[in-house]
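Colleague: I would like to go through this structure with you and ask how each label was earned. Could you show it to me?

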There are 4 protein chains.
Amino acid sequence: MTISIVVLGTGRIGSMHAEYLARRVPGAKLAGVFDVTDSAATVGAEFGCPVAASLDEALAIEADAVAICTSTDTHVDVMVAAAEAGRAIFCEKPVSLDLAEVDRGLAAVEAAGVPLQIGFNRRFDPSHKAVADAVDHGAIGDVHICNITSRDPGPPPIEYIKVSGGIFCDMTIHDFDMARYVTGSEVETVYAVGAVQIDPAIGDAGDVDTAVVLLTHVSGAITTIDNSRKAVYGYDQRVEAFGSNGMARSDNFHDFNARIATDRGFTQPPLQQFFLERYTTSYLDQWAAFVHAVESGGAPPVTGADGRAPLVIGLAAWKSLREGRPVRCEEIG
Amino acid sequence: MTISIVVLGTGRIGSMHAEYLARRVPGAKLAGVFDVTDSAATVGAEFGCPVAASLDEALAIEADAVAICTSTDTHVDVMVAAAEAGRAIFCEKPVSLDLAEVDRGLAAVEAAGVPLQIGFNRRFDPSHKAVADAVDHGAIGDVHICNITSRDPGPPPIEYIKVSGGIFCDMTIHDFDMARYVTGSEVETVYAVGAVQIDPAIGDAGDVDTAVVLLTHVSGAITTIDNSRKAVYGYDQRVEAFGSNGMARSDNFHDFNARIATDRGFTQPPLQQFFLERYTTSYLDQWAAFVHAVESGGAPPVTGADGRAPLVIGLAAWKSLREGRPVRCEEIG
Amino acid sequence: MTISIVVLGTGRIGSMHAEYLARRVPGAKLAGVFDVTDSAATVGAEFGCPVAASLDEALAIEADAVAICTSTDTHVDVMVAAAEAGRAIFCEKPVSLDLAEVDRGLAAVEAAGVPLQIGFNRRFDPSHKAVADAVDHGAIGDVHICNITSRDPGPPPIEYIKVSGGIFCDMTIHDFDMARYVTGSEVETVYAVGAVQIDPAIGDAGDVDTAVVLLTHVSGAITTIDNSRKAVYGYDQRVEAFGSNGMARSDNFHDFNARIATDRGFTQPPLQQFFLERYTTSYLDQWAAFVHAVESGGAPPVTGADGRAPLVIGLAAWKSLREGRPVRCEEIG
Amino acid sequence: MTISIVVLGTGRIGSMHAEYLARRVPGAKLAGVFDVTDSAATVGAEFGCPVAASLDEALAIEADAVAICTSTDTHVDVMVAAAEAGRAIFCEKPVSLDLAEVDRGLAAVEAAGVPLQIGFNRRFDPSHKAVADAVDHGAIGDVHICNITSRDPGPPPIEYIKVSGGIFCDMTIHDFDMARYVTGSEVETVYAVGAVQIDPAIGDAGDVDTAVVLLTHVSGAITTIDNSRKAVYGYDQRVEAFGSNGMARSDNFHDFNARIATDRGFTQPPLQQFFLERYTTSYLDQWAAFVHAVESGGAPPVTGADGRAPLVIGLAAWKSLREGRPVRCEEIG
């Protein structure tokens, strides 16, 4: 059985998904593409699939599922329409920057009874997944501390930052998801500090480019997250879980695996630079899980609730940063 | 400009090349496929290209180049025909198991004046290449010692082994190429020892499955190579160059990059198991170099002479193993 | 020239210092020992030095310096007496748990004009020092984030914990010193969370055994510290500084450096278990620095102010934990 | 019970042994020292032990054992005298450069019935020992290949080289011992190549400074050894055993354990430079084993036969290098 999927939104991430579905995801088929720009035509031509002229037309394409990769502010409207059209839904993160909107989308999905999976791809990264699995299988006992380091090689364009929801809802949101995923426990309180260290324009946009967040979980676990928009040595992505019986941690990949030793010491190349390269396997495995869920009628592994919770934490982080105090998630919603 | 390439032979390696050329090599186009089996039809259908019914038909397809991926014993005949047809030629290793045949093929290529590149893909592996580059750029001074470890995760089928030319011409031949590539110096003497440790059937086929070879180079450098057909912990591929000013070495990739620590110690996953996965980048970069050479009219980076020399070393290794003494390459030809 | 030193207090750490001074610190001589228990007699016999019957007698021994290794609550009285006796002073951390007492001790030292060095030995660990040096030499630019992981292999006896000042003044105090040392910047605010995860008896003693502290520095840098009293895989001591031009980090040593690979993966031994073993070099280099300072008349590298500041941070951490809010250091003193 | 030991020969290695016995080996006592030079007086004064004026006087000191650390050409005479005096004997490697002499020494030891341990300290290095233990415990199955890399940070003085027995009997002899120790199998054939790459004066002395040796063992295992007298990045000591069920390897220690990452990559410090520092634990554990054997009346772990076999291999290596062919150990004796 093949699951046919229409990709809605063919920007950077949508066109990547289109390629993967067309060529690299066993059991999946790219059934069509749509975008408000010309990019859809290019993508459709490259992968030989129908190009819809409108969202309605895209939802009229006979298909099992849609992938929502449009701009964040349109996610919920598209989700509601797709749910009403009876499509299984894959939706990129964040679902929305507005919690009420998220709830409206999730309600429509629930009413329609269609499967929904949120695009927190890092859960499918084999290295990070090994950490979560070690916890899940009891290999390290109860989790006491979780440390997440997540640093980008360089900041995105200022225009993107302005509509991104800021660092906590755009970038850290992945780490909030990871904290819940690895510890297996909901977040209770959020304390955030931040600074503008990379580019004053980021500060002018009302955002920070350097942040540290401390989370406490219902289980008693404590998570630290540190973020920077610019790590000159590459894309730095590490997750560590420390528990009563041990510790598990994921580490980065270098550009290649060679060392040169001289009388001044040993050198290794920088880390991989680009998230599409670093996380290729996670994107493919994410699709494999979605295809499997739709095919088998089972529950997708990253649910609507998993899409909502990190937004609550992100909004709490912003409130904490503004007010200089720890904020309880229940203050947000 | 796009370089169009017909793939001749669509077994395991040929169909991989076909996919890469069809989809993943910028500037390349899969112009057709041919095989003596049905596999060509499958590959042609998947990538939407013409399927030739015969070698002649394949060479009649309008194209810039061919990739010779047929069985080893047919390489030279195909090479001669392709040269006469004026095609640029990519040829899988080994060119032949018979030195006179190699010379016949190279002569035809030279007479036709077409570019020829031999498929020693490991030269394009970024980790091994970094070792060679360190030598080339003088970072470690003059090379005194080169150590190559090359161990497969498991032996190929006995039927394959029987026609493979044996471990030295099938498997170690990559390491002989690597020794020349990394040291930048021709091999003078070869001393080989071997054993049957993995499977007696390999011995019954007249081959060994465990081997160590010691090479001396014209430059004075000394190379050690150790091979096994079965490393239970994965595909183990390491190259080290030691010189007057330092050392450079490449190392393996684990299945994923995570560690689990308990009171009994730290664990990491096994190494990647499969050569197509381990060497994906090398295959892509190999094609990029070929495409660039054909496009620019420049010399391909792995020449016919580079295809011939490792065969001489391989034949010398067999002679050394049989006679229990070091053999000079000039004894072979 | 040899610097003669009387060791005051010959418990676990004092007898270690006595051995080092007697045998392993070039330019130093163990001039005598004193303790309120019989341990001094044992230590004196082993290293062949006078054993004083009282503090007064110990301070009457002709010597250049004293090492204050008595119980924490007596440090300041001993410091005042040693300063009045004109001795150069090495004092173990923490100087006191009472800030007014610290100030009384430092005032006496200043009045006497004697050199004073505080025993924050980790500054002399070559791995951590390399991180601080990388910052100091500008190799990683301005520090934006500092991450300190400090986990003991097992908790000390409850009786020790009861008089230790609690985790922040006993254990984390080293990390507070490290944060100041590595970032080169004073701490402005402290936010601490903690939990009892290892042993309820630690909670009954009014302490926590698991803690995470977030510090903001005057420079804008942000530090995270995570502590546990029990890491089953060994003594885990890591420091990382992330800055505008790069990152520097120190890592642990395993019990030995060997790996075993099987089809289930690679294994390494646990980390070194014991702080005296892990930090041997730091203790020796700490003494070398003290001896050099006394000999040359220069300033010791870890000053009285360096002894005071981490106590302020530790007290702020306790206040933060109790009140559930970030605390400014200036609230403490 | 304390084992008292007289150190005979107080050059670099002998004075190190004297210090360890005087201060760092539990259950051992330095009972006296002797040397033909003034060095014995210095050592005796430092550690407070008798200084013998002659070998006879040294053997008259009441003691359980002697440590033979005199120049290699005197080892056997001293060994015979010590055996006749009924002393347990620790003897530095090599026992002699003359096989007949070795046999004379071993015969005297056997006649006297005294324990004898040869100073192949590397067997006691915890990292290398972990490799041997992995083999011994069956963790990696039958050994097929053993790789030993052994490179010094710099060559010894030419005067030393002239009387050293050359690289194979002075330096590689440790690796020959390691090959027997790790594989648990005697050596059958030896093939050696060598070059003068570091210093022509070494060649003028009839020696080589770069060497690769290939050994075959009775068990079928094959060993490669590579040596250089000068590795600019530090003292490089690695042992790897590859077998039917896996692989075990030991690795080096860096000067300290820190990394600095910039946009040009990651750097680590060079390796430890000095063998006394690299192998401290091995020297201490070697003494612990000797003390235990003498105390318990058990057999020392490195026997006279273990001292003889590597010399046979070393002499075979010289013969192989001179004659350009593999040499069987039985050709030597």
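**From one loop to the whole assembly**

Modeller: Let's start small, in chain B: Ala53(B) sits in the loop that links helix H2 (39-47) and helix H3 (55-60) of chain B. Please keep in mind that this is a predicted model.

Colleague: Why does Ala53(B) count as exposed?

Modeller: The cut-off for exposed is 12 or fewer other C-beta atoms within 10 Å. Ala53(B) has 9 C-beta neighbours inside 10 Å, so Ala53(B) counts as exposed.

Colleague: And how many Å separate the C-alpha atoms of Ala53(B) and Tyr20(B)?

Modeller: The separation is 22 Å, for two residues that are 33 residues apart along the chain.

Colleague: Chain B also touches chain D. What does the contact take from each chain?

Modeller: It takes 27 residues from chain B and 27 residues from chain D. On the chain B side, strands S6 (143-151), S7 (187-195), S8 (210-217), S9 (222-228) and S11 (246-250) of chain B each supply at least two residues. That side divides into 13 nonpolar, twelve polar and two charged residues.

Colleague: Why are chain B and chain D said to be related as by a two-fold rotation axis?

Modeller: Chain B superposes on chain D after a rotation of 180° with 0.0 Å of shift along the axis, and the RMSD is 0.0 Å. The two copies are thus related as by a two-fold rotation axis. Of the residues of chain B, Arg325(B) comes closest to that axis, with its C-alpha at 3.0 Å.

Colleague: Why do you say that the copies meet through the same surface?

Modeller: Because 100% of the interface residues of chain B are also interface residues in chain D, the copies meet through the same surface.

Colleague: Now for chain C and chain D. What makes S11(C) and S12 of chain D a pair of strands?

Modeller: Pairing needs at least two bridges. Four bridges join S11(C) to strand S12 (residues 258-262) of chain D, so the two strands pair, and they run antiparallel. Within this pairing, Met247(C) has Ala261(D) as its bridge partner. Across the interface, 25 residues of chain C are in contact with 25 residues of chain D. Helix H6 (126-136), strand S11 (246-250) and strand S12 (258-262) of chain C each give two or more residues to the chain C side. By class, that side has 13 nonpolar, seven polar and five charged residues.

Colleague: What makes S2 and S5 of chain D edge strands?

Modeller: They belong to an open sheet of five strands in chain D, in the order S2-S1-S3-S4-S5, with parallel pairing. Strand S2 (28-34) and strand S5 (116-118) of chain D each pair on one side only, and that makes them the edge strands. From one strand to the next, the twist averages 20°. Inside the sheet, strand S1 (residues 3-8) and strand S3 (residues 65-68) of chain D pair in the parallel sense over four bridges, and Leu8(D) stands opposite Ile68(D) in S3(D).

Colleague: Which strands does helix H12 of chain D lie across?

Modeller: Helix H12 (residues 280-296) lies across S1, S2, S3, strand S4 (88-91) and S5 of chain D, at about 125° to S1(D).

Colleague: Last one: which domains does the assignment give for chain A?

Modeller: The domain assignment gives domain 1 (3-114) and domain 2 (125-272 + 309-331) of chain A. Their centres, taken over C-alpha atoms, are separated by 28 Å. Six residues of domain 1 are in contact with six residues of domain 2 in chain A. The domain 1 side of that contact has five nonpolar, no polar and one charged residues.

Terms used. Residues are numbered from 1 along each chain as its sequence is written. Chains are lettered from A and ligands numbered from 1 in the order in which they are written. This is a predicted model: local features need pLDDT of at least 70, side-chain atom pairs count only at pLDDT 80 or more; totals for chains, interfaces and linings use all residues. Two residues are in contact if their C-beta atoms, placed from the backbone, lie within 7 Å. Ala, Val, Leu, Ile, Met, Phe, Trp, Tyr, Cys and Pro count as nonpolar, Asp, Glu, Lys and Arg as charged, and the others, Gly among them, as polar. Domain bounds come from an automatic or database domain assignment. Copies are superposed by least squares on the C-alpha atoms of residues with pLDDT of at least 70 in both. Axes are lines fitted to C-alpha atoms, for helices over the stretch in contact, and angles run from 0 to 180 degrees between N-to-C directions. A residue is buried if 20 or more other C-beta atoms lie within 10 Å of its own, exposed if 12 or fewer, and partly exposed in between; C-beta atoms are placed from the backbone.
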